[in-house]
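I opened this model to look up two things: internal space and helix packing. My notes follow in the order I checked them.

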Amino acid sequence: MAMLDIDNLHAKIDGEHGKEILKGLSLKVNPGEVHAIMGPNGSGKSTLSYILAGKEDYEVTDGSVTLDGEDLLEMEIDERAAKGVFLAFQYPVEVPGVATMTFLRASLNAQRKKRGEAEISTPDFLRLVKDKAAHLGINQDMLKRGVNVGFSGGEKKRAEILQMAILEPKICVLDETDSGLDIDALKVVSEGVNALRSPDRAMIVITHYQRLLNHIVPDFVHVMNKGRIVRSGGKELALELEANGYAEYQQDAA
């Protein structure tokens, strides 16, 4: 059984006249695998990530999504997070007035409580954050500041990967994590992601550009267009897309 099983997923923007975005998307993701999803703007990549995370504003009209055999679509957002779903945003939002350290501890303990586990002690938490932050080049000053407040684009993405390292999710969805990163920041973020690769964890990496996949090497690459996956292959498919673009897939789907 696949860890994440998406079958014939159809979804639209919520509302009576909402536009259909996903049109029969199917994807199976097994533990330990990294799947890259590429495609032109408007193909539904980010919509897929939002639906997996439980974001409102979208209505699933057909199909199913299961996580370890359980119906993911029936779960509330906090339940999905506790079950191990994590979404790294393309544009992380600022949360003024909430220190990053406070946010991290509250997030971790909320998930532990949902799973029936004891809260992490302050000394253990501080040791955990110090270790994980050091590997991502995140200093103590950043941890004291409001969540993402005044952070550069690279700092925001590193803070997202720090959250992922602290929470240790089961399925990580990275929505254009490379967006806005220079090459040095891209390497740091990629190293943080690669450090989390494990036989028990799966990742879906959404990106426009092959350059990210030079650093986070996927097991599978999928081309998405007009709400569905139109081709799948190995990492060499990303090189083909870099060279030739998406024109042939857009014509085929027209």
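How many cavities of 30 Å³ or more does a search of the whole structure find? I got 1 from the search. I note that the model is predicted.

Entry on the cavity. I read off a volume of about 30 Å³ for the largest cavity. I then listed its lining: Thr-100, Phe-103, Leu-104, Val-147, Asn-148, Phe-151, Ala-159 and Gln-163. Sorted by class, I have 5 nonpolar and 3 polar residues in this lining, and no charged ones.

Which helices supply at least two residues each to the lining? I found helix H3 (100-114) and H6. H3 gives the most, with 3 residues.

Entry on helix packing. Since H6 takes part in the lining, I looked up its packing with another helix. Helix H4 (residues 122-135) packs with helix H6 (residues 153-167) at an angle of about 135°. I noted 10 Å between the axes of the two helices. H4 and H6 are therefore oblique to each other, the angle being neither over 145 nor in the range 65 to 115. I recorded their crossing as right-handed.

Which residues meet where H4 and H6 pack? From H4 I wrote down Leu-128, Val-129, Lys-132 and Ala-133. On the H6 side they meet Leu-162, Ala-165 and Ile-166. I counted the residues of this contact by class as 6 nonpolar, no polar and 1 charged. The charged one is Lys-132 of H4, because Lys counts as charged.

Terms used. Residues are numbered from 1 along each chain as its sequence is written. This is a predicted model: local features need pLDDT of at least 70, side-chain atom pairs count only at pLDDT 80 or more; totals for chains, interfaces and linings use all residues. Side-chain values use heavy atoms; hydrogens and water are left out. Axes are lines fitted to C-alpha atoms, for helices over the stretch in contact, and angles run from 0 to 180 degrees between N-to-C directions. Helices (H or I, at least four residues) and strands (E, at least two) are DSSP runs, numbered from the N terminus. Angles under 35 degrees count as roughly parallel, over 145 as roughly antiparallel, 65 to 115 as roughly perpendicular and the rest as oblique. A crossing is left-handed if the near helix is turned anticlockwise from the far one by less than a right angle, and right-handed if clockwise. Contact means heavy atoms within 4.5 Å. On a 1 Å grid over the protein atoms alone, a cavity is a set of points where a 1.4 Å probe fits but cannot get out, and a pocket is an open set with protein on both sides within 12 Å along at least five of seven lines; lining residues have an atom within 4 Å of a point. Grid points are joined across faces, edges and corners, and a volume is the space filled by probe spheres set on the points.
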